[in-house]
Amino acid sequence: MTGSMRDRLVDAATELFYADGLRAVSVDKVIERARTTKVTFYRHFKSKDDLVVAHLQRRAEQEREGITAAVERAGGDPDRAFQLISEALGTMACEPGFRGCPFINAAAEYPEPTSSVRRTVDAHRAWCKAAFARIVEPLQLADPDGVADDLMLIRDGAMVAGYLDAGEAVAASFLRSCRAVTGR
């Protein structure tokens, strides 16, 4: 682990939270993994929930970078964007230790909609829906927001299926489903 102590704490938390679950991992485990002290931890985070939010913000940034890169590479072609996103989903689902969507997992562990964790999950999901709406914009669909909702549902399903099924099958199903929803 390199970088600032805050980054080391988020790195350790991200690894542990994703592998073992948010509630199952104690602050002490994160501190031990980051090789620091409680005093240092609390200098950077007021609570474990603040650390969970930082972990989710990092995961959101990674997903957003991936979707943004796919959209840019696609050059305005929605089908190509979905092809690139499906390839990334398939690759991710084949990685050792893949445990599905960290946002779905977090929502399951933090059911209170007003918690900072759920607000972070909701903000990322809103970003994803808006990104899907931007991807399909050139298609001039009658209900782009409804299609974005459908695409979000497909993304969620692909993330869950990625935990259970082969990556190639997940990627192919995601792409077929996106094409079906967009009429392509």
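Let's start with F45. F45 is buried, with a relative accessible area of 3%. One thing before I go on: this is a predicted model.

So, what does F45 pair with? A pair of aromatic rings is described by the distance of the centres and the angle of the planes. F45 pairs with F41, and the geometry is tilted. The centres are 5.6 Å apart, with 35° between the planes. Why tilted? Because 35° is neither under 30 degrees, which would be stacked, nor over 60, which would be edge-to-face.

The count of aromatic pairs comes to 3. Another of them is F41 with Y42. That one is edge-to-face, at 4.8 Å centre to centre and 90° between the planes. Look at how these residues sit. F41 is buried, at a relative accessible area of 0%. Y42 is partly exposed, at 43%. Put F41, Y42 and F45 together and you have one aromatic cluster.

Now to K48. K48 is found in helix α4, residues 48–74. K48 is in contact with F41, which takes us straight back to the cluster. Leaving aside neighbours within four places in sequence, the contacts of K48 also include F17, L22, R23, V25, S26 and V27.

Is K48 buried or exposed? Buried, and yet K48 has no salt bridge. The nearest side chain of opposite charge is D49, 6.7 Å away. A salt bridge needs nitrogen and oxygen within 4 Å, so D49 does not qualify as a partner for K48. What does the side chain of K48 reach instead? The backbone oxygen of L22, at 2.7 Å.

R23 was on that contact list for K48. R23 also lies over the face of a ring, that of Y110. The distance to the ring centre is 4.0 Å. There is a similar arrangement at R59. The charged end of R59 sits over the ring of Y18, 4.5 Å from its centre.

On to the salt bridges. Side chains of opposite charge can pair when their charged atoms come close. How many salt bridges are there in the whole structure? The search finds 9.

Take D79 and R179. Their closest N and O atoms are 2.6 Å apart. This pair links distant parts of the chain, 100 residues apart. D79 is in helix α5, residues 78–94. R179 is in helix α9, residues 167–182. R179 is partly exposed, with a relative accessible area of 28%.

Next, D156 and R125. Their side chains meet in a salt bridge, 2.9 Å from N to O. D156 lies in helix α8, residues 144–164, and R125 in helix α7, residues 116–136, so the pair ties together parts that are 31 residues apart in sequence. The two ends differ in exposure. D156 is buried, at 12% relative accessible area. R125 is partly exposed, at 23%.

D156 has another partner, R155. That salt bridge is 3.0 Å, N to O. Both R155 and D156 are buried. Which residues does the wider network join? E63, R125, R155 and D156, through salt bridges that share partners.

To recap. F41, Y42 and F45 make one aromatic cluster. K48 is buried without a salt bridge, and its side chain reaches the backbone oxygen of L22. D79 and R179 pair across 100 residues. And E63, R125, R155 and D156 form one salt-bridge network. That's all from me.

Terms used. Residues are numbered from 1 along each chain as its sequence is written. This is a predicted model: local features need pLDDT of at least 70, side-chain atom pairs count only at pLDDT 80 or more; totals for chains, interfaces and linings use all residues. Side-chain values use heavy atoms; hydrogens and water are left out. Rings of Phe, Tyr and Trp (its six-membered ring) pair if their centres lie within 6.5 Å; planes under 30 degrees apart count as stacked, over 60 as edge-to-face and the rest as tilted. Buried means under 20% relative accessible area, exposed over 50%, partly exposed in between (1.4 Å probe, protein chains only). A charge sits over a ring if NZ of Lys or CZ of Arg is within 6 Å of the ring centre and within 35 degrees of the ring normal. Helices (H or I, at least four residues) and strands (E, at least two) are DSSP runs, numbered from the N terminus. Lys and Arg count as positive and Asp and Glu as negative; His and the chain ends are not counted. A polar contact is a pair of N or O atoms within 3.5 Å; within protein, one must be able to donate a hydrogen and the other to accept it, and residues adjacent in sequence count only if both atoms are side-chain atoms. Contact means heavy atoms within 4.5 Å.
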